[in-house]
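Thanks for coming. I have one model to go through today, and I will keep to the geometry. Please have a look at it on the screen first.

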Amino acid sequence: MSNPLLKIRNLHLSMHSFDGKAHVLNGINLEVKRNEIWGLVGETGCGKSLTGLSVSGLVSSPPAEYHGGEILFDGEDLLGCHEQRLLALRGNKIGMIFQDPTTNLNPVFTIGTQLVDVALAAGASDPQVLGLTVGASGRARRRAARALAGDMLDKVGIPNARARLDDYPHQFSGGMRQRVLIAMALIGRPDLLIADEPTTALDVSVQAQILDLLRQMVDEFRMGVILITHNLGVVAQTCSHVAVMYAGNVVESGPVRRVLEQPAHPYTRALMRAIPTRDVKRGALFGLAGSVPNLLSPPTGCRFAPRCALASPACHSALPADREVAPDHKVACVHVSAMKETSYA
Ligand SMILES: Nc1ncnc2c1ncn2[C@@H]1O[C@H](COP(=O)(O)OP(=O)(O)OP(=O)(O)O)[C@@H](O)[C@H]1O
Ligand SMILES: [Mg+2]
């Protein structure tokens, strides 16, 4: 079995603000291998984006304070990395796509200029990205970067791609701009791609095209992917695995079909029940009572316990360990029976 590309182990993160210190990641564990697409789901504020941003080294400290854990990328601990090294990794090993394509493209530069800049930066860390050897002239690098920008734009399905390099972002539709951001994230041929709600701003037909494209790119580049989303339908369609987060913890994780067909954690079950279906009678929609706890003073023990119908005294005293309920299907709940407990030592 292949080694994980990314291994997040017992990651703890607090954010300082005027109101105090919020313990926003409470011991995250997650492993991603090549060719795996992990859906990261959970209610708003549960720490999905901060998990993704932590892997990219994009959480500034302060206000962030990491106090425990590791983020191992190909065996290298990213939390101990120097900014220069993180910059090089972000250039070509770790790609990131953010939610809103309008705010992530600069309106005053052409699409080509923006793609060429990223290609040149990736080529500076790894000349092979541009198909050149070390010491190639600046002119040769710029020519190769423009050719690569055109190829990538073509690959993500922009018609007449090379001619459109000279257009500005406002000349592209929302779906096309999101394709440009995917091209930008993939131009350095990353091993790991983090996509934070890449389709939330798009209509459903464009969303389906973008998710299809993402799957094709995973097959072609053999990447590992973390796809952050609120939408369990997107997870079912696109992902090979899913991790369900609640208030800074991964409460359930595993192969996507297994978790969605046999959810075991009371929180995952509640999320699944909350999905509207066609045969639900009017007024019979199920909502999850209560809200995510205030992370300035989170509950001790299981953070879901205050909203959980199964909660018992044990749930309020200690954070439950992960239990493997089927191969690779892990659940952090004392009320599920385990095949074995998972140790992250
Ligand atoms: N820069 C910041 N300073 C202080 N607190 C922050 C900061 N960024 C995020 N947080 C807090 O950290 C917690 C997790 O935030 P995060 O953005 O990771 O949530 P999320 O799961 O991505 O939510 P959403 O689904 O709304 O995008 C939230 O309680 C949020 O208020
Ligand atoms: Mg988010």
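I will go through strand 10, a helix pair, the ligand shell and then some backbone details.

First, the conventions. This is a predicted model, in which local features need pLDDT of at least 70 and side-chain atom pairs count only at pLDDT 80 or more, while totals for chains, interfaces and linings use all residues. Residues are numbered from 1 along each chain as its sequence is written, and chains are lettered from A and ligands numbered from 1 in the order in which they are written. Helices (H or I, at least four residues) and strands (E, at least two) are DSSP runs, numbered from the N terminus.

Let me start with strand 10, residues 241-246. A residue is buried if 20 or more other C-beta atoms lie within 10 Å of its own, exposed if 12 or fewer, and partly exposed in between, with C-beta atoms placed from the backbone. Six of the six residues of strand 10 are buried, so the strand is largely enclosed by the rest of the structure. In a regular strand the side chains alternate between the two faces of the sheet. Here one side carries His241, Ala243 and Met245, the other Val242, Val244 and Tyr246, and both faces are covered.

What does strand 10 pair with in the parallel sense? That partner is strand 3 (residues 37-41), over four bridges; two strands pair if DSSP finds at least two bridges between them. Gly39 stands opposite Val242 there. With strand 11 the pairing is antiparallel, over six bridges, and Ala243 stands opposite Ser253. Strands 10 and 11 form a hairpin with two residues between them, and Ala247 in the turn has a positive phi of about 45°.

Both of these strands also help to cover the buried residues of helix 10, together with helix 8 and helix 9 among others. Those buried residues are Pro266, Tyr267, Thr268 and Leu271.

Next, the helix pair. Two packed helices are described by the angle between their axes and the distance between the axes. The axes of helix 3 (111-125) and helix 4 (138-155) come within 8 Å and cross at roughly 115°. Axes are lines fitted to C-alpha atoms, for helices over the stretch in contact, and angles run from 0 to 180 degrees between N-to-C directions. Contact requires C-beta atoms, placed from the backbone, within 7 Å. On helix 3 the contacting residues include Leu115, Ala119 and Gly123, and on helix 4 they include Arg142, Ala145 and Leu148.

Now ligand 1. Its shell has 15 residues, the closest being Met15, Thr44, Lys48, Ser49 and Leu50; a residue is near if its C-beta atom, placed from the backbone, lies within 6 Å. Strand 1, strand 2 and helix 1 each give two or more residues, and helix 1 gives the most, with three.

Last, the backbone. Most residues other than glycine have a negative phi, and most peptide bonds are trans. Ser61 and Pro62 are joined by a cis peptide bond, omega about -5°, and the bond from Pro62 to Pro63 is cis too, with omega near 10°. Pro62 sits in the loop between helix 1 and strand 4. Asn10, in strand 1, has a positive phi near 50°. Asp328 has a positive phi near 65°, in the loop between strand 12 and strand 13.

Notes
Two residues are in contact if their C-beta atoms, placed from the backbone, lie within 7 Å.
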